[in-house]
Each structure stands twice: as structure tokens, then as C-alpha cells.
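Welcome, and please open your viewer. This tour suggests what to select at each stop and tells you what is there.

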Amino acid sequence: MKRAGSILIPRPHREDDFFIGWAKPPAVDRRFLLGAVPTIAAFSGGLGWLVANELADPGAGSWQTSSTHTVTGQLVRDPYPMIRSVDPNGNYKTTLVVAMGKCTSSLELAMAAGGVHTGTGVLIERRGRHMLEVPFDDAAWLSPAPTNVTIPDVVSEVVIESISLQGMIMDTKCFFGVMRPGRGKTHKACASLCIRGGIPPSFWAHTKDGREVVMLLTDENGNAVSTDILPFVAEAVEAEGSVVRSGDWLQFRVATSKYRLI
Amino acid sequence: MGHQYQAIQWNKGKVQYDIAIVTFAVIYIAIFMAVGLMAFATSDPIVLMIRALGTCAFLLLTFILLIGPLARISDRFKPMLYNRRHFGVFTFLVALAHFGLALTWYHGFGPLNPLVSLFLSNQSGGTFPGFPFELLGLAAFIILLLMAATSHDFWLNNLSAPVWKALHMLVYVAYGLLVIHIAAGALVTEKSPVYPVLVIAAFGLVSGLHLITGLREAKNDALLNKMEAKSWVSVAAPNDIPDKRAVIVPLPGGERVAVFRDGKKISAVTNVCRHQNGPLGEGRIIDGCVTCPWHGWQYRMEDGISPPPFTEKIATYNLKMMNGMVFLNPDANAPGTYVDPLVIGQTAEQRS
Ligand code: FES
């Protein structure tokens, strides 16, 4: 558009140079579009490549939905459902138990807790740590174990009386492989929903030399955490509590008042 | 021209246009998924798809918002303007898929209703990195939903053009919300510097082009509005109006009038198309009718009425010839009022 005195003169176009939706486009438009369409297509593909290629490593972990996994051991209900077994060398092996979906607190377990059972479900595995995903109904996944299996009781021992650690509260199910990545801001809502639903939280920290430490998170008395910790889930936090060894897992026992966002 | 409503209006050009947009989106998503799955063995296809769809919807919306100013800069982009409505509805569908999948995957299967979880599950609102970015996405989604739902001409006519236009201007609000949705969500999770660069580039391009074209027009209008209002506004010498085309006269009140010449005849109508406010003065005379450059609606020059069977009406203006110049009466006639065209070379006496 050009200004001339008190009027505006629209940019001139040649006779065949005027696009109307319902008519055949003029040659110059057709030529332009013939060039533009492949260019935009290539641009779209290039952007798809660039954006996907820059994604960070989703992290270790797997959710082995195509097979079932069986584990025999003592069924423990607190602080979180788990099956504790012992290998031939006498080492404890903990398999956390979660329900399908995000509602583990509705698992029944009432009758079976304390006894030795065989559980069958879907294995979720991260760096040698195991979790079993099972249906809500006990009968659908628990069966009596062979009578000769005995599991010695675990003796918990305090490793560190009081320590302040920086790390992140993870919902262990997604973290161990159900969602990859199962961390970060975009996963925060899901993590908090899982923990609200009773999925065991873990505390994910790194030592000075970069080794990762994953500890089961409980309240200061070793019981399941309350929903008061939800605002701290999936954020960088500093927490102060005690570290307790219980079988092959470390527990980080923290009072709700001892979390701080950093 | 829209006195009959069809569910969706398609013609060959629109079908080609639609195929092109869907193809661009499919190419983007397919390559995104392939690269994402190959990059890491543990990549989760559902999480990848959520991201592919979300970024794709943002990309499409960026394209849509660029078309407007680009078409003001070069006529070559006008064909892209023509079917922007289908483009918008398709973008909404991609956003819907992103919303549905993210809602199911991150908020479903849990102890709360997914929609409740959307509001409750991200609880550290006070800080920027903690800001519940999901809600911004939801707000933008609702705007796109409203726009898609009212995109049909039926709504344009029933809501009246200004209300419809205002509603559809909310797309800029939606775009702003999405930029923050991405900045407070994905950009906090993903650390690659490429992402902020891309988002800033997209946002900068959209706002920059709008600013440039907007300023250019504002400057023109401001200069012209300084010229005081007279009862009759001088337009141009008849032959300075290009044949089959128009010059545009901005009036002090902000309206614009298109003064068309078709051979020896000169007539004036409003510059605003009844359809979607397209700039009629940038159109042409085809078969004796003023033809809108946007979607080709037509109006007879002398009375502003669409040729039968259509019945759309636009305002006409009175003209007179004085000292070899065309003058315009700035008071609009009621839409559809017949006005004798000025005929070049005819004196006032001959006309009456
Ligand atoms: S605005 Fe659509 S035809 Fe004029």
C-alpha cells in the first residue's frame, strides 16, 4: 500500500496476478506455491529432527509389560508393600509392589501380609532394583509359596543419625521405568499424583563424585509419607533426616517439616 | 454469499491446502518420533508423542500467525490466507491430541479425576520454576476450542462480525499463554539451549512482523487523519484510479472507503468486506463486481449488493466531480443503497 496525498493506493498487481479463493490461482501464485510447499515440508522435517534430537536422555529403567515375573518371599505391608526374598548367599532382595495405575494404597494385602508368598506380575526394573506391578485383588497375583522357604526378619540399623541431603523426591514407579523420562517439571504432576495414590516415593541424590544414590523415603519414624510432602515432589529439595539400612535398601527418614525447596 | 450454510466448505483449492498442512504435520511428527526413538533405547513412545504433538501444535499456530503479516508484505502469501480457517481447526485438533494424551498419561489412572488432578497435582505455584504450566496450556486450549467451535460462517453472522473478530483476536492471548506454558514446563525440564532459542525465534518473528506491518499502517493512517475533515473529501483525478481497481480513502473517523474505477465508471463502497472484514480496496473488479481479495466475495459496484443468488450488502458512498477531481461524501449510505456511478467525461447536467 502506498500513500499519495490523502489516499492509499494498493500495491499494483498484474492482470493475472490476483488470487481469488474460488478461482484457479494465477500463474505467479502457482509458481510461488510450487516452491513454497516443498520448502515448508523440508523445514517441518528439519525442525522435527532438531527438536527430537535435542531431547535429554530419558534415563535408565524398563517396564517389562510383555512378560510376567515371579518372586517368592515375605510379603511386607509397611512402610510400603514389598516382597522380601533372600538369595542363596543369604543376601536380601527387596521387590517393591505397586498396583496397576497410580492407586497402590488400594492394594488389599490385608490377609497375606507377613506370610511367605509367591507373587506374579509385571517387572519394573532400574539398575538392578526391582518392582512388581500387580492387580488389586490379592488372589489374582499371590499364591502360596513352597513350605520350605523361610525368610529371616530384617533388622534395620541406623547408618547416619542426622544428615542434610540435596536431591529430588521421585515416584518410584515412574522413576524405575514406567515413564521415561519419569522426572522433571513436565512429570511433576504425575509424580505427585502417584505419591498421593500410595506409590512409594524415593529420594534421588548424587554423591560428590557423581554416583547416584536412591533411597526409599519415609517419615521420621519409618512410616509411609503423608501427602504433606506433595509440594516438594519432583523439585530440587534439601531434606534433613536419618539414613537407615533395611535389607538391601537404604531408607531416608525425614519429617515433613524438614524439606526445603532449593 | 454465505446465505446457505454447509457443514464444511471445500473446493479443489481448499482440499489441496488441507492436504498440504496435514502433510507438513505428519512429516514433522514422523521424523520427531523416529529420531526420538532412535536416540535413546529407553525412550517412551507415549511421552515422545505428547511432545511431538505439543511442539507440532505450537509450530502450526506460529505459521498461522505469520501468514497475516506476510500477506500484507507480499501478495504471494495471500493464497495461504485464504484457507486459514481450516488451518486453525486442524491446529486445534493437534492441540486436542496433545491435551488428551498428556491428560491421560500424566493425570489418568490415579486416585483423582484427571481434570481435578490437572488443578491439584502441581502444587508449588509460588516460584517460576514451580509454576503450574499445565493450567496455561489448558487456558490456551480452551481459547482454541472456542475459536474452532465458532469458526463457521454461521457463527460469524450470528455473533456479528465485531464480536466474532474480537473472539478470534484471542488467538494472540492463546499464543502468549503457550509461550509461557512451554517456558515454565518443557524448558524447565529439558536443558538444551536450542529450545529457548527456537521459542524466542518463533515469538520474535510473530510479534516482529505484526509490529512492522502494524506500524506501517498506523503511520499511514495517522498522516492521513491529520488532514482535517471536510464535508466532501477530495480523492483523486479519475484517471489516477487504476482501471478495475481502487484507491482507499481513510476517513478521519477511522473508516476506510474504497473508490473503484471500472472503465469510465467510478463508485465508492466501504473498504470492509461483509465476510471477514477483508480489505475490499485491495481487491479488483471482476465481471463488474468488486471482488474481495481474501475469499472472493463479490458486490456490485453501484449498490454494494452481492449478485444473485446472494444477498449480502455493504455500504455505498456518494461521489461528485469538481474541477476534474473526484470528491467523496464521507457519510455512508445504508448498505445496499443504489448510487449512480460517476461517468468520466460526463458533465453534471448530462447525468441528471
Ligand atoms: S473477507 Fe472473506 S471474502 Fe472478503
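Begin with chain B and select its two domains: the C-alpha centres of domain 1 of chain B and domain 2 of chain B are 39 Å apart. To make the selection, use residues 12-220 for domain 1 and 233-351 for domain 2 of chain B; such bounds come from an automatic or database domain assignment. In the contact between them (heavy atoms within 4.5 Å), domain 1 of chain B takes part with 12 residues and domain 2 of chain B with 10 residues.

A word on what you are viewing: this is a predicted model, in which local features need pLDDT of at least 70 and side-chain atom pairs count only at pLDDT 80 or more, while totals for chains, interfaces and linings use all residues. Residues are numbered from 1 along each chain as its sequence is written, chains are lettered from A and ligands numbered from 1 in the order in which they are written, and side-chain values use heavy atoms, with hydrogens and water left out.

**Stop 1: the domain interface of chain B**

The size of an interface is often given as the accessible area lost when the parts come together. Here, domain 1 of chain B and domain 2 of chain B bury about 1000 Å² between them, with 43% of that from carbon and sulfur atoms; buried area is the accessible area (1.4 Å probe) that two parts lose on being put together, summed over both. Now select B:Arg72, B:Lys78 and B:Tyr82, which supply 35% of the area that domain 1 of chain B buries against domain 2 of chain B, more than any other three residues.

Keep B:Arg72 on screen and add B:Glu282: the two form a salt bridge, with their closest N and O atoms 3.6 Å apart. A salt bridge means a side-chain nitrogen of Lys or Arg within 4 Å of a carboxyl oxygen of Asp or Glu. The rule finds one salt bridge across this interface of domain 1 and domain 2 of chain B.

**Stop 2: the domains of chain A**

Move to chain A and select domain 1 (62-144) and domain 2 (157-261). The C-alpha centres of these two domains of chain A lie 20 Å apart. Their contact involves 25 residues from domain 1 of chain A and 31 residues from domain 2 of chain A. Between them the two domains of chain A bury about 2300 Å², 60% of it on carbon and sulfur atoms.

How many salt bridges are there between domain 1 of chain A and domain 2 of chain A? The count is three salt bridges. Select A:Arg127 and A:Glu212 to see their side chains meet in a salt bridge, 3.0 Å from N to O.

**Stop 3: a threonine in a strand**

Finish at A:Thr118, which sits in strand S6 (residues 116-126) of chain A; strands (E, at least two residues) are DSSP runs, numbered from the N terminus. Is A:Thr118 buried or exposed? A:Thr118 counts as buried because its relative accessibility is 10%, and buried means under 20% relative accessible area (1.4 Å probe, protein chains only).

Add A:Thr72, whose side chain makes a polar contact with the side chain of A:Thr118 at 2.8 Å. A polar contact is a pair of N or O atoms within 3.5 Å; within protein, one must be able to donate a hydrogen and the other to accept it, and residues adjacent in sequence count only if both atoms are side-chain atoms. Leaving aside neighbours within four places in sequence, the residues in contact with A:Thr118 include A:Val71, A:Trp141 and A:Pro144.

Key: Helices (H or I, at least four residues) and strands (E, at least two) are DSSP runs, numbered from the N terminus. Buried means under 20% relative accessible area, exposed over 50%, partly exposed in between (1.4 Å probe, protein chains only).
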